[in-house]
Structure formats: C-alpha cells, structure tokens
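Please read the following report alongside the sequence and the coordinates. It begins with the overall contact pattern and then turns to the sheet, the loops, the backbone geometry and the ligand shells.

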Amino acid sequence: MNPFHILLGSLLCICAVQLEEAAVREWNGKGTTPNLQSIVLGRCYDYTETVNPSVGKKNCSEIWEAFEKAFVGKDPCLVLPEHYELFINLTLHDIPASKSVFWENNKQLVHRYSDKTSRYMPLGDTLAGWMVDNLDWCGSLSTPGLEYSSCPTTAECENNPQEAFWRIASVTYAKHSSGEIQIMLNGSTLGGAFPVPSFLADFEIPNFQRDRVSNISIMVMDEIGGPDIDSCGKNSIAVLETILASRNFPFKCFDNYRPVRLLQCVDSPNHPECSLGNSIGPAHLWISTVLPLLAVVLNPIVH
Ligand SMILES: *[C@@H]1O[C@H](CO)[C@@H](O)[C@H](O)[C@H]1NC(C)=O
Ligand SMILES: *[C@@H]1O[C@H](CO)[C@@H](O)[C@H](O)[C@H]1NC(C)=O
Ligand SMILES: *[C@@H]1O[C@H](CO)[C@@H](O)[C@H](O)[C@H]1NC(C)=O
Ligand SMILES: *[C@@H]1O[C@H](CO)[C@@H](O)[C@H](O)[C@H]1NC(C)=O
C-alpha cells in the first residue's frame, strides 16, 4: 500500500463517519424501540392470555400487521389517526362502566391506582394502550421501513406515527367510557393541573358521551412535599369545571383524594403529610372509634 492509498483510505473513512453521523439524529424524539415487533406481539398475547382474558380471543399477528401498516415504510410526518383504524377495530373491547380514568402528568400514580385493570382501566390498561405504552416507533422510506435513530416530536411535525396513534386511541377510549368517569390531575404541575392543549382537553373531554356518562369525579393530587399549585375550584381546575358544567356533566372535585393519597404515602410513610392528623389522617377514625370509646368510659360517670 503506498501513501496515496493510505490517504484515500482515511478520507473515505472520514466521509463514511460523517455520513453515519448525519443519519444518526434527524429528529428530536427517540427512535423506534429495538425489537418493537416482539414487544408488541408479546404484550398482545400477555394481555389477552393473562392480564385481562375477559377481552376474549384476539388474533395478535393480525393486530400487529394492522399496526405496522399504519406507518412502516412511510414518511414519519405523513401519518394520520385514521391510518390506525383497522388496528383500533381489531383491538376494541368493552371498557367496564365506571372503570375509566383520564389523566395528565400523572402516569405512574394512575397506573398504580388502576393496578393493571384489577381496580380501574385507564387507556394504558386497555389492549390498544397496553401494547404500545412507553414505546417509540416511526417509519422510514428506506429499508427496513423503520427508523431506529430518531422519530419526529409533535413540535417537529404533528402528523407523526405516535401522535396519530394516541389521538385515535384517546378518542375511541373516551367514546367508549361510561358510568362514573374519574379524572386524575397533578396539582404540583407548574403551569397548571389541567393543561390546554392536551389529549384530555382536545381529544377526550369533547368525546365524553352525555348519555353514557353519569357523573365525573376530578382528583387533584399534589406531590407529597411538593408545591400546591392547583386545587379544586381554582386556576386551571376552575377552567375544567366550567367546561364540564357547560356540557351538563354532574361532577365533584376532590383535593388529594384519600385513596390515592394513601398510595402516594406508601412511598413516603414518614413524611409529615402522611402522618395522623393530616388531611390523609383519619379524622373520621376519631369520630368513629375514639368518641364511642369516650362514651363508654364516661357513661358510668354521667349516670
Ligand atoms: C390471524 O391472522 C393472520 C394474519 O392476518 C392469519 O394468517 C391467520 O390465519 C389468522 N389466524 C386465525 C386463527 O384466524
Ligand atoms: C372499523 O369499524 C367501523 C365500525 O364498525 C367501520 O365503519 C370501519 O369501516 C372499520 N374500519 C376498518 C379500516 O376496518
Ligand atoms: C407531578 O408533577 C410534578 C411537577 O412537574 C412532577 O415532579 C411529578 O413527577 C408529577 N407526578 C406524577 C405522579 O407524575
Ligand atoms: C356518581 O354516581 C354514582 C352512582 O349514582 C355515585 O355512587 C357516586 O358517588 C357519584 N360520584 C360523584 C363524584 O358524584
């Protein structure tokens, strides 16, 4: 090998590295999750066989095919909600009355509360949501038709595969919800517990069916030890209450709703906000156990 060849070789090498770097990050979002197909298929079998067999038999390979048809091999900025329509049809199942939970900025808490459909069924606990929750995906015009390096965020292009998916999934979920609806919001979120625009404000609430939904309970959960930025009747929650009232939905709002507060306290049992006598503290226990005891003790004295 003469020096010329070595020079040529290193130039080619530099070019190749630069090309690779240029291809690495086209968009700001994470690229497609590795092994997407195996994860989605596995989750479909897991959901229908063990998590929630009450949905009945579903053809998971057919469901995967409907899913990939929406975006694989396509420009990741040209995907619309309706491209997932067959997927939505194939994954559809009943959402039991009074099991729906809607939320913003509260994902982990909502899922601990719902406990994989055993207590409630937020969108992430339906078959459609379960299969793709926490995953990233987008297509590419070149083989293999999936883009693993980066995917567009909604700020970069609205018609991206994930935004389109969650829009049609949210609309469908809202339309099928019935009975008492719960909305869990995060009272410690800077900028307000009820964000607008948001999936809740734009795709879910407008699709609540007045004839199927009996009433709505709003839960405003502050972080343990976190700021109390929003509360029932105030700021963005007042906006939400006005929207629900204008659509004639009966609703109630609960600050730091006790059953959910207890879940939060599992992780901070020693925090003052989790101790007796606090809002979670069993004030009613005083009335139901201590007062009758006092009565028993005082009874002979009084007589
Ligand atoms: C499931 O769907 C696949 C792909 O569409 C099809 O080839 C297969 O026959 C279907 N299986 C059943 C049991 O219907
Ligand atoms: C999905 O189901 C709806 C209602 O049954 C039907 O009108 C529509 O054609 C179906 N879409 C696809 C793509 O299968
Ligand atoms: C609630 O919002 C705060 C502030 O943004 C955040 O730190 C916290 O993780 C959120 N809580 C949940 C359960 O997501
Ligand atoms: C909603 O209605 C149900 C049934 O009538 C009732 O048990 C529940 O307490 C109501 N919830 C709210 C938040 O009003």
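## Overall character

Among contacts in the protein between residues at least 6 apart in sequence, those joining residues at least 24 apart account for 74%. The model is a predicted one, and its protein has eleven helices and six strands. Of the 303 residues in the protein, 34% are buried.

## The parallel sheet

Four strands form an open sheet in the order β2-β4-β5-β6, and their pairing is parallel. The edge strands, each of which pairs on one side only, are β2 (101-103) and β6. From one strand to the next, the twist averages 20 degrees.

Within this sheet, strand β4, which covers residues 179-186, and strand β5, which covers residues 213-221, pair in the parallel sense over eight bridges. Along this pairing, I183 stands opposite I218 in β5, while L185 has V220 of β5 as its bridge partner. On to the next pair, β5 and strand β6 (residues 251-255) run parallel and are joined by five bridges. V220 takes part here as well, since its bridge partner in β6 is D255.

## Helical connections between strands

Two β-α-β units can be followed through these strands. In one of them, β4, helix α8 (residues 199-204) and β5 make a right-handed unit. In the other, β5, helix α9 (residues 235-246) and β6 make a unit that is likewise right-handed.

## Loops on either side of α8

The loop between β4 and α8 holds V196 and also P197, and the peptide bond that links V196 to P197 is cis, with omega near 0 degrees. V196 has 13 other C-beta atoms within 10 Å and is therefore classed as partly exposed, a count between the limits of 12 or fewer for exposed and 20 or more for buried. Although V196 and L240 are 44 residues apart along the chain, their C-alpha atoms are separated by 9.8 Å.

F208 lies in the loop between α8 and β5. With 19 other C-beta atoms within 10 Å, F208 is partly exposed, because the class of buried residues begins at 20 such atoms. Leaving aside residues up to four places away in sequence, F208 touches A174, S177, I181, V213 and F249. The C-alpha atoms of F208 and Y173 are separated by 9.2 Å, and these two residues are 35 residues apart along the chain.

## Backbone geometry that merits inspection

A further cis peptide bond runs from T143 to P144, with omega near 5 degrees. P144 is placed in the loop between α6 (127-132) and β3 (150-151).

Positive phi values in residues other than glycine are found at T117, where phi is near 75 degrees, and at N235, where phi is near 45 degrees. T117 belongs to the loop between α5 and α6, and T117 counts as buried because 20 other C-beta atoms lie within 10 Å, which meets the limit of 20 or more. N235, by contrast, is placed in helix α9, and with 15 C-beta neighbours inside 10 Å, N235 counts as partly exposed.

## Ligand surroundings

Which residues surround ligand 1? The shell consists of N59, S61, E62 and E65. By class, the shell around ligand 1 has two polar and two charged residues, and no nonpolar ones.

The residues around ligand 3 are N105, N106, K107, Q108, L109, N186, S188, T189 and E223. Helix α5 (residues 107-114) gives the most to the shell around ligand 3, contributing three residues. Divided by class, the shell around ligand 3 has six polar residues, two charged residues and one nonpolar residue. N186 of this shell is also the residue at which β4 (residues 179-186) ends, so that the ligand's surroundings can be inspected together with the strand, whose limits follow the DSSP runs.

Key. Residues are numbered from 1 along each chain as its sequence is written. Chains are lettered from A and ligands numbered from 1 in the order in which they are written. This is a predicted model: local features need pLDDT of at least 70, side-chain atom pairs count only at pLDDT 80 or more; totals for chains, interfaces and linings use all residues. A residue is near a molecule or strand if its C-beta atom, placed from the backbone, lies within 6 Å of it. Ala, Val, Leu, Ile, Met, Phe, Trp, Tyr, Cys and Pro count as nonpolar, Asp, Glu, Lys and Arg as charged, and the others, Gly among them, as polar. Two strands pair if DSSP finds at least two bridges between them. A crossover is right-handed if, with the strands pointing away from the viewer, the path from the first strand over the helix to the second runs clockwise. Axes are lines fitted to C-alpha atoms, for helices over the stretch in contact, and angles run from 0 to 180 degrees between N-to-C directions. Two residues are in contact if their C-beta atoms, placed from the backbone, lie within 7 Å.
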